[in-house]
Amino acid sequence: MKENQQKVKMSWAEIKRQKSLLIISAVMVVYGIVFYYWPLTGWVMAFQNYKPKNGLFGSQFIGLAKFKFLFSDPTFLRVIRNTFCMGLLNLISTTFMAILFAVLLNEIRHRFVQKAVQTISYLPHFLSWIIVTGILHDALSSTGIVNDMLMFFGIVDKPVNFFSKPGAFWPIVAFANCWKETGWNAIVYLAAITAIDPSLYEAATIDGAGRVQKIFYVTLPSIKPTIMVLLIMNIGNVLNAGFEVQYLLGNGLVQKVSQTIDIYVLNWGISQNDFSLGTAAGIFKSFVSIILIVIFNTWAKRTGEESLY
């Protein structure tokens with residue numbers, strides 16, 4: 001009995017001591033409930049023939065009719081393919097380029113040059129997609145620098161209209177994401193490289209390892225847990241392939257490969273006022289993202305790799 005009373009006293013004493021932190025935590029919990037969980041009540045629209053004038057409680061309940069329509073719509077199936085392929089291509093290319101950039105940047109011995117390059121590499125991250133797509137349009141236009149270089153070296157005889165070729169659209173989107181986010185994504189990998197024990201490099205030097213061998217046998221294995229955790233987290237964003245870049249770069253000639261789920265939701269949910277169908281498409285995207293994270297996290301645990309939980 002006395003032990004229980006002492007535990008209660010210690011608990012209240014700890015609560016009083018951590019009062020400021022608990023208040024801040026409570027504010028963040030309320031913020032999360034209001035802005036992250038309460039809006040999920042809007043998902044009920046996916047199971048209704050939602051009419052704004054009737055509201056959530058006055059609209060007719062239609063069950064899974066909107067989901068059945070989605071998966072019987074050839075356009076939506078094509079949109080799923082586009083979104084998944086672009087998302088996977090973006091994930092692979094941005095992850096590879098971020099790791100490569102971080103490793104190469106770490107090999108720069110001159111600290112001033114390293115910091116300058118690192119700072120410059122961050123800048124594209126802060127540019128809006130309006131600016132990035134404008135730069136791409138100028139560079140890839142018939143009078144842009146890319147066509148000028150191709151013609152100068154005799155690779156093509158006349159300017160290439162890149163934005164009229166469906167096969168070039170996905171690589172263009174992947175390149176845009178790499179150029180914009182490589183420097184920013186490399187921050188985490190640079191931090192992981194910085195945390196590597198210097199004695200490992202010293203031991204590798206004693207064994208006669210060169211700079212390239214140190215990268216493959218010390219640097220990359222040491223940051224492998226970081227790579228795995230970030231991959232698992234980012235795999236859930238595969239269906240978040242983007243909206244702005246596809247919407248801004250897309251046109252009628254590449255429409256079949258440029259539309260994503262987000263654009264589909266815009267066309268149906270906003271343009272045609274079918275909020276129920278747009279909500280159903282959004283729920284599908286969220287559900288697939290959760291499934292992908294669970295699958296890859298389970299695989300990582302079973303293979304002995306770093307995992308989220």
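Modeller: Two rings of Phe, Tyr or Trp (its six-membered ring) form a pair if their centres lie within 6.5 Å; planes under 30 degrees apart are stacked, over 60 edge-to-face, and the rest tilted. In this structure, Phe71, Phe76, Tyr264 and Phe284 make up one aromatic cluster. The model is predicted, so local features need pLDDT of at least 70 and side-chain atom pairs count only at pLDDT 80 or more, while totals for chains, interfaces and linings use all residues. Residues are numbered from 1 along each chain as its sequence is written, and side-chain values use heavy atoms, without hydrogens and water.

Biologist: How many aromatic pairs does the structure hold?

Modeller: There are twelve aromatic pairs in the structure. Take Tyr31 and Phe35: their ring centres are 4.8 Å apart and their planes meet at 40°, so this pair is classed as tilted.

Biologist: Where do Tyr31 and Phe35 lie?

Modeller: Helices (H or I, at least four residues) and strands (E, at least two) are DSSP runs, numbered from the N terminus. Tyr31 and Phe35 both belong to helix H2, which covers residues 19-37, and are four residues apart, about one turn of the helix. An α-helix has 3.6 residues a turn, so residues three or four places apart point the same way.

Biologist: Is Phe35 buried or exposed?

Modeller: The scale is relative accessible area: under 20% is buried, over 50% exposed, and in between partly exposed (1.4 Å probe, protein chains only). Phe35 has 54% and is therefore exposed, whereas its partner Tyr31, with 39%, is partly exposed. Helix H2 as a whole is hardly covered, since one of its 19 residues is buried.

Biologist: What kind of pair do Phe71 and Phe284 form?

Modeller: Phe71 and Phe284 are edge-to-face, with 5.3 Å from centre to centre and 75° between the planes. Phe71 is in helix H4 (residues 65-71) and Phe284 in helix H15 (residues 275-302), so the pair ties together parts that are 213 residues apart in sequence. The two rings also differ in cover: Phe71 is partly exposed at 40% relative accessibility, while Phe284 is buried at 16%. Both Phe71 and Phe284 belong to the cluster mentioned at the start, along with Phe76 and Tyr264.

Biologist: How many disulfides does the structure hold?

Modeller: A disulfide is a pair of cysteine sulfur atoms within 2.5 Å. The structure holds zero disulfides.

Biologist: Why is Cys85 without a bond to another cysteine?

Modeller: The closest cysteine sulfur to that of Cys85 belongs to Cys178 and is 16 Å away, which is too far for a bond. Cys178 is likewise in no disulfide, as the nearest cysteine sulfur to its own is that of Cys85. The accessibility of each can be read on the scale given earlier. Cys178 counts as buried, with 12% relative accessibility, and Cys85 as partly exposed, with 27%.

Biologist: How should one describe the place of Thr226?

Modeller: One may combine the element, the accessibility and a distance. Thr226 is in helix H11 and counts as partly exposed, with a relative accessibility of 23%. Its C-alpha atom is 9.8 Å from that of Ile193, although Thr226 and Ile193 are 33 residues apart along the chain.
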